[in-house]
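Colleague: I would like to learn how to read a model such as this one. Could we go through it feature by feature?

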Amino acid sequence: MMDDMMKTAVGSDDWEYEVWIAEHLTPEVLEQARALPLRRDIITLLTYVRDNKITGAKTSGNFPRKVIRELAPLFVEPPVLDEQIGDKVFSLRTEYDVWPLYFRHLLAEIGDLVTGGPARRIRLTGEGARFLEVDPLQQTLTLLTVWWFRVNWLVAFSAFDLGEFLPDDFELITLDRMRMLPVGRRTDFRPFAESLILRTGFGRDVVDSEMNRGILMNAVRRMVLQPCADFGIVELESNRYDPWLPPELVAFSVTPFGRALLNALALLSRDA
């Protein structure tokens with residue numbers, strides 16, 4: 001059961017553990033974990049790796065194009081692989097072009113669920129096989145702890161050079177800020193992002209300009225809010241102000257499921 005993970009990291013005699021179990025280990029939370037598209041996609045990815053012989057790309061070790069075209073359509077919400085703009089079609093080149101797949105592969109790789117490398121066989125690990133056997137909530141929380149505490153979030157916003165690492169404690173400060181938000185209450189994105197940037201010192205070495213402030217805001221969206229949405233922690237509200245541009249994130253709200261995960265993360269951070 002998922003609570004075994006909490007017992008190991010927190011201790012079954014810890015009163016906060018007992019509070020978490022009482023407040024959050026409900027049938028609704030368990031069902032939301034089971035239905036989470038991200039978790040289901042990871043199961044699909046691991047099963048595909050287990051059942052197929054795959055050799056990583058020669059330079060990156062990522063999935064080759066043939067595998068991407070077979071695997072990505074199996075996801076709950078299949079990502080776009082080839083994009084047509086006007087009369088021109090931009091065809092898939094590498095896994096880096098398909099963020100939903102790359103994100104899932106990254107979680108599996110850094111979470112030690114798969115192993116591989118450039119021109120090496122991509123295999124399911126023993127940890128990956130055990131992952132397939134545990135309950136959906138433990139799977140979800142395992143993946144979330146990998147993202148929150150082991151992945152460099154800058155990988156989600158590599159279009160601009162914002163340095164090699166985030167400021168110290170950026171992820172923990174973000175966790176604290178997210179846990180302070182009331183469940184279900186609409187939170188305007190811009191003030192939240194501006195406050196997080198100021199509190200953490202994120203982008204302090206970036207020249208202050210309207211364009212660069214926009215870049216930092218977009219980085220917060222890509223590194224914080226979009227992954228949180230993928231994990232079901234928040235629901236996003238976007239508006240399309242220009243038909244030629246992607247929708248703009250304007251607000252978000254923390255879900256009850258998200259509160260359960262955030263509070264679990266706060267306990268598991270002791271062991272991170």
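Modeller: We will take helix packing, then the sheets, then the empty space. Keep in mind that this is a predicted model.

Colleague: How are two packed helices described?

Modeller: Two numbers are used: the angle between the helix axes and the distance between those axes. In this structure, take α4, residues 37-51, and helix α8, residues 136-149. Their axes are 10 Å apart, and the packing angle is about 90 degrees. An angle from 65 to 115 degrees counts as roughly perpendicular, so α4 is roughly perpendicular to α8.

Colleague: Which residues in α4 and α8 meet?

Modeller: From α4 there are R39, I42 and I43, and from α8 there are P136, Q139, T140 and L143. Sorted by class, this contact of α4 with α8 has four nonpolar residues, two polar residues and one charged residue.

Colleague: At what angle do helix α3 and α4 cross?

Modeller: The crossing is at roughly 50 degrees, and the axes of α3 (residues 27-35) and α4 come within 5 Å. That angle falls in none of the parallel, antiparallel or perpendicular ranges, and α3 and α4 are therefore oblique to each other. On the α3 side the contact is made by A33, R34 and A35, and on the α4 side by P37, R39 and R40. By class, the contact of α3 with α4 has three nonpolar and three charged residues, with no polar ones. R39 is worth marking: R39 takes part in the contact with α3 and also meets α8.

Colleague: Now the sheets. What is the general idea for side chains in a strand?

Modeller: In a regular strand they alternate between the two faces of the sheet. To read a sheet here, begin with the order of its strands. One open sheet has three strands in the order β1-β5-β4, with antiparallel pairing. β1 (54-55) and β4 (114-115) are its edge strands, each pairing on one side only.

Colleague: How many bridges join β1 to strand β5?

Modeller: There are two, and β1 and β5 (residues 121-124) run antiparallel. T55 has R121 in β5 as its bridge partner. On the other side, two bridges join β4 to β5, again antiparallel, and T115 is partnered by R123 in β5. β4 and β5 form a hairpin with five residues between them, and G117 in the turn has a positive phi of about 150 degrees.

Colleague: Where does α4 lie relative to these strands?

Modeller: α4 lies across β1, β4 and β5, and its direction is at about 115 degrees to β5.

Colleague: What is the strand order in the open sheet that contains β6?

Modeller: The order is β6-β8-β7, three strands with antiparallel pairing. Its edge strands are β6 (187-188) and β7 (234-239), each of which pairs on one side only. Six bridges join β7 to strand β8, residues 248-254, and these two run antiparallel. N239 stands opposite E248 in β8.

Colleague: Last, the empty space. What shows where empty space is left?

Modeller: Rolling a probe the size of a water molecule over the atoms does. In this structure the largest pocket holds about 1,200 Å³ of space. It is lined by 33 residues, and the closest to its centre are P79, V80, V98, W99 and P100. α4, β2 (83-85), α6 (99-110) and α11 (210-230) each supply at least two residues of that lining.

Colleague: Which element gives the largest share of the lining of the largest pocket?

Modeller: α11 does, with six residues. The lining of the largest pocket divides into 19 nonpolar, four polar and ten charged residues.

Colleague: How many cavities of 30 Å³ or more are there?

Modeller: The count is one. The volume of the largest cavity is about 40 Å³. W99, F103, A156, R222, Q226, P227 and D230 line this cavity. α6 and α11 each supply at least two of its lining residues, and the largest share, four residues, comes from α11. By class, the cavity lining has four nonpolar residues, one polar residue and two charged residues.

Colleague: Then W99 appears in both places.

Modeller: Yes. W99 is among the residues closest to the centre of the largest pocket, and W99 also lines the largest cavity.

Terms used
Residues numbered from 1 in each chain as written. Predicted model: local features only at pLDDT ≥ 70, side-chain atom pairs only at ≥ 80, totals over all residues. Heavy atoms only, no water. 1 Å grid on protein atoms, 1.4 Å probe; cavity = no way out; pocket = protein on both sides within 12 Å on 5 of 7 lines; lining within 4 Å. Points joined across faces, edges and corners; volume = space filled by probe spheres on them. Nonpolar A, V, L, I, M, F, W, Y, C, P; charged D, E, K, R; others polar. Axes fitted to C-alpha atoms, helices over the stretch in contact; angles between N-to-C directions. Parallel < 35°, antiparallel > 145°, perpendicular 65-115°, else oblique. Contact = heavy atoms within 4.5 Å. Pairing = 2+ DSSP bridges.
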